[in-house]
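This report looks at charged side-chain pairs and at strand pairing in one protein chain. Please keep the sequence and the structure open while reading.

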Amino acid sequence: MSFGNYLNFILSLVFVLGLIALAAWGYRRFFMGQSVSARLGLATNRLRVVEVRGIDARRRLVLVRRDGVEHLVLLGPNSETVVEAGIVPPADVPQGGAR
């Protein structure tokens, strides 16, 4: 095989890997974590992460709002614990959850 054949192979490989990376980026950017109805704009947002605070390198507290009720959850590498459930959000915080 000549040098031209090797160069053609390497350029083709780089092009195909670039297309794969572009497709993966597009998928993550536009479709990751969304249902079909959410992508089409038909879903209502019932679930929202209001706030996340790191406790240490391995654990974090997450405040989740569902249907106007908040839940405090402790997430760790091997477990999830509901610290407090049924928290009524304060009246001055908007229901949309400004982030």
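The sections below take up the model, its salt bridges and its sheet in turn.

## Basis of the model

The coordinates come from a predicted model, in which side-chain atom pairs count only at pLDDT 80 or more, and the statements on salt bridges should be read with that restriction in mind.

## Salt bridges around Asp67

Across the whole structure, a search finds five salt bridges. One of these joins Arg46 to Asp67, with 2.5 Å between the closest N and O atoms. The pair links distant parts of the chain, since the two residues are 21 apart: Arg46 lies in the loop between α2 (36-39) and β1 (47-54), while Asp67 lies in the loop between β2 (60-66) and β3 (69-75).

Asp67 also forms a salt bridge with Arg66, where the closest N and O atoms are 3.4 Å apart. Through shared partners, the salt bridges join Arg46, Arg66 and Asp67 into one network. As for solvent exposure, Asp67 has a relative accessibility of 42% and therefore counts as partly exposed, because the partly exposed class lies between the buried limit of under 20% and the exposed limit of over 50%. Arg66, with a relative accessible area of 36%, is partly exposed.

## The Arg53 and Glu51 pair

A further salt bridge is formed where the side chains of Arg53 and Glu51 meet, at 2.6 Å from N to O. Is each partner in this pair buried, partly exposed or exposed? Arg53 counts as exposed because its relative accessibility is 52%, and the cut-off for that class is over 50%. Glu51, in turn, is partly exposed, its relative accessible area being 34%.

## The four-stranded sheet

Four strands make up an open sheet in the order β1-β2-β3-β4, and their pairing is antiparallel. The edges of this sheet are formed by β1 and β4 (80-87), each of which pairs on one side only. From one strand to the next, the twist averages 20°.

Within the sheet, the antiparallel pairing of β3 with β4 extends over five bridges. At the level of individual residues, Val73 has Val82 in β4 as its bridge partner. The loop between β2 and β3, where Asp67 is placed, thus connects this description of the sheet with that of the network formed by Arg46, Arg66 and Asp67.

Conventions. Residues numbered from 1 in each chain as written. Predicted model: local features only at pLDDT ≥ 70, side-chain atom pairs only at ≥ 80, totals over all residues. Heavy atoms only, no water. Salt bridge = Lys/Arg side-chain N within 4 Å of Asp/Glu carboxyl O. Buried < 20%, exposed > 50% of the residue type's maximum accessible area, 1.4 Å probe, protein only. Pairing = 2+ DSSP bridges. Axes fitted to C-alpha atoms, helices over the stretch in contact; angles between N-to-C directions.
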